[in-house]
Amino acid sequence: MEKNFSLRELNTFGFDIRAKYFQELKSMDDIHELIENPEFRQTHHLILSGGSNILFSSEFFDGFVVYPNLRGIETLEETDETVKIRCYCGEVWKDFVDYTISKGLYGLENLADIPGKVGAAPVQNIGAYGAEVKDAIYQVHTIDLMTGNIRIFNNDECEFSYRNSIFKKYKSIIIFAVDFILKKRGNLKLDYGNIRNYLANKNITNPTLQDVAATVKAIRAEKLPEVGVVGSVGSFFQNAIVSVDKYHEIKMLYPDMPSYPVDTAKTSFRPERSAVEKSTALIKIPSGWLIDRAGWKGYRENHVGVWDKQALVLVHYGGGKPQEILDLMKKIQDSVYNKFGIEIKPEVNII
Ligand SMILES: Cc1cc2nc3c(=O)[nH]c(=O)nc-3n(C[C@H](O)[C@H](O)[C@H](O)COP(=O)(O)OP(=O)(O)OC[C@H]3O[C@@H](n4cnc5c(N)ncnc54)[C@H](O)[C@@H]3O)c2cc1C
């Protein structure tokens with residue numbers, strides 16, 4: 001156990017945060033030892049992996065930071081169609097995705113290059129370019145740091161939804177491994193973001209798995225700040241989910257506003273639907289567009305700002321304090337609310 005430990009390298013915002021206690025866990029034995037540690041049991045704690053979806057609101061974390069870092073990748077089962085793979089929590093997500101692609105396995109290609117560790121991927125059901133990790137997860141292995149109970153959650157029990165899962169409710173459960181089910185043959189998802197255009201510009205008419213992953217990486221590199229160079233947590237806000245009525249109200253004023261039906265409405269967002277059905281359907285509006293239209297893209301105030309290539313991303317240029325990001329967050333939320341009547345919520349975990 002380390003004391004007064006610097007988390008500067010363990011939060012991608014790059015703030016100079018210190019933790020009262022810090023413990024890396026490399027094995028199940030380490031986890032059991034921690035559970036027995038009276039100091040740990042009496043102290044408020046936080047499970048931290050890559051720190052790419054966390055904003056510490058103060059520069060001192062007055063508690064125990066637990067850093068699960070079990071490593072390893074195992075093939076569990078192979079059929080003609082699928083392969084089940086277990087990956088331990090401390091593996092770097094993007095390396096794991098590259099590994100599955102090198103094996104010719106479909107399922108994670110649109111999630112290439114997302115920062116962070118494998119153990120955190122189910123927590124917010126990471127997603128990008130029309131894909132969500134929930135569609136490739138078979139089951140999730142957990143241990144409760146208060147009781148030592150081991151529980152395996154099957155996919156349904158994870159209660160996955162947009163940037164959410166049951167694991168957001170359990171602050172004392174470590175995900176120590178995730179079992180994925182990947183396909184040997186699959187349909188590539190090209191319709192989200194700019195993937196299809198990007199491939200067309202490269203004269204790729206019949207893209208492979210590798211082409212899609214490479215395209216996703218290239219688009220991400222163009223749009224997002226580089227981890228370790230400019231501090232960020234990627235998308236700071238969740239996309240807005242609004243009723244159909246609200247959507248029409250705004251669309252009248254801003255006909256160019258982009259939108260997507262959300263899962264429940266995906267198959268039923270059709271003109272022939274009844275008035276009742278329509279009123280319960282939900283529409284996703286990209287918060288990046290709302291923030292951009294509210295005039296924030298490229299804004300900078302001292303050490304922090306809004307990324308000039310993607311308004312959903314708040315950035316820390318170095319030398320600043322978490323409070324500066326929190327103040328900027330509030331200003332953006334208020335301004336989007338005043339302009340569109342929509343409350344945008346942070347995607348990042350604020351500690
Ligand atoms: C440049 C950039 C781009 C990004 N792009 C995307 C994107 O396209 N899509 C997307 O979904 N996200 C994106 N993110 C956010 C982030 O990468 C993901 O949310 C990632 O899964 C966080 O992983 P982490 O290891 O850094 O988790 P952390 O930030 O350390 O933790 C995130 C949450 O998970 C919990 N947690 C972490 N590990 C465990 C564990 N082993 N067991 C239980 N709980 C745990 C933590 O307590 C915390 O609540 C981006 C971030 C950055 C910086």
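Mentor: Before we look at the ligand site, note that Ala, Val, Leu, Ile, Met, Phe, Trp, Tyr, Cys and Pro count as nonpolar, that Asp, Glu, Lys and Arg count as charged, and that the others, Gly among them, count as polar. Keep in mind as well that this is a predicted model.

Trainee: With those classes in hand, how do the residues of the shell around the ligand divide?

Mentor: The shell divides into 21 nonpolar residues, 13 polar ones and one charged residue.

Trainee: Which of the 35 residues around the ligand come nearest?

Mentor: Ser 49, Gly 50, Gly 116, Gly 119 and Gly 234 come nearest among the 35.

Trainee: Which strands each supply at least two residues of that shell, and which gives the largest share?

Mentor: Strand E3 (45-47), strand E8 (127-128) and strand E12 (173-183) each supply at least two residues, and the largest share, three residues, comes from E12.

Trainee: Where does the shell lie with respect to domain 1 (2-68) and domain 2 (73-183)?

Mentor: Because domain 1 (2-68) and domain 2 (73-183) both give residues to the shell around the ligand, it lies between them.

Trainee: Strand E3 also belongs to a sheet, so to speak of its surroundings I need the pairing; in what order do the four strands of that open sheet stand?

Mentor: In general, strands of a sheet pair through backbone hydrogen bonds, either parallel or antiparallel. Here four strands form an open sheet in the order E1-E2-E5-E3, with mixed pairing. Strand E1 (2-6) and E3 stand at the edges with a single partner strand each, so one side of each is left without a neighbour in the sheet. Direction ignored, neighbouring strands of this sheet are turned by 40 degrees against each other on average.

Trainee: How many bridges join E3 to strand E5 (residues 60-68), and do they run parallel or antiparallel?

Mentor: Three bridges join E3 to E5, and the two strands run parallel; within this pairing, Leu 46 has Val 65 in E5 as its bridge partner.

Trainee: What is the sense of the pairing between strand E10 (residues 137-144) and strand E11 (residues 150-154)?

Mentor: E10 and E11 pair in the antiparallel sense over five bridges, and Thr 142 stands opposite Arg 151 in E11. The two strands form a hairpin with five residues between them, and in the turn Gly 148 has a positive phi of about 80 degrees.

Trainee: Finally, how many helices and strands does the protein have?

Mentor: The secondary structure comes to ten helices and 19 strands. The radius of gyration is 21 Å, close to the 20 Å that the globule rule gives for 351 residues, so the protein is as compact as a globular protein of that length.

How values were computed
Residues are numbered from 1 along each chain as its sequence is written. This is a predicted model: local features need pLDDT of at least 70, side-chain atom pairs count only at pLDDT 80 or more; totals for chains, interfaces and linings use all residues. A residue is near a molecule or strand if its C-beta atom, placed from the backbone, lies within 6 Å of it. Domain bounds come from an automatic or database domain assignment. Two strands pair if DSSP finds at least two bridges between them. Axes are lines fitted to C-alpha atoms, for helices over the stretch in contact, and angles run from 0 to 180 degrees between N-to-C directions. The radius of gyration is taken over C-alpha atoms; the globule rule is 2.2 Å times the number of residues to the power 0.38.
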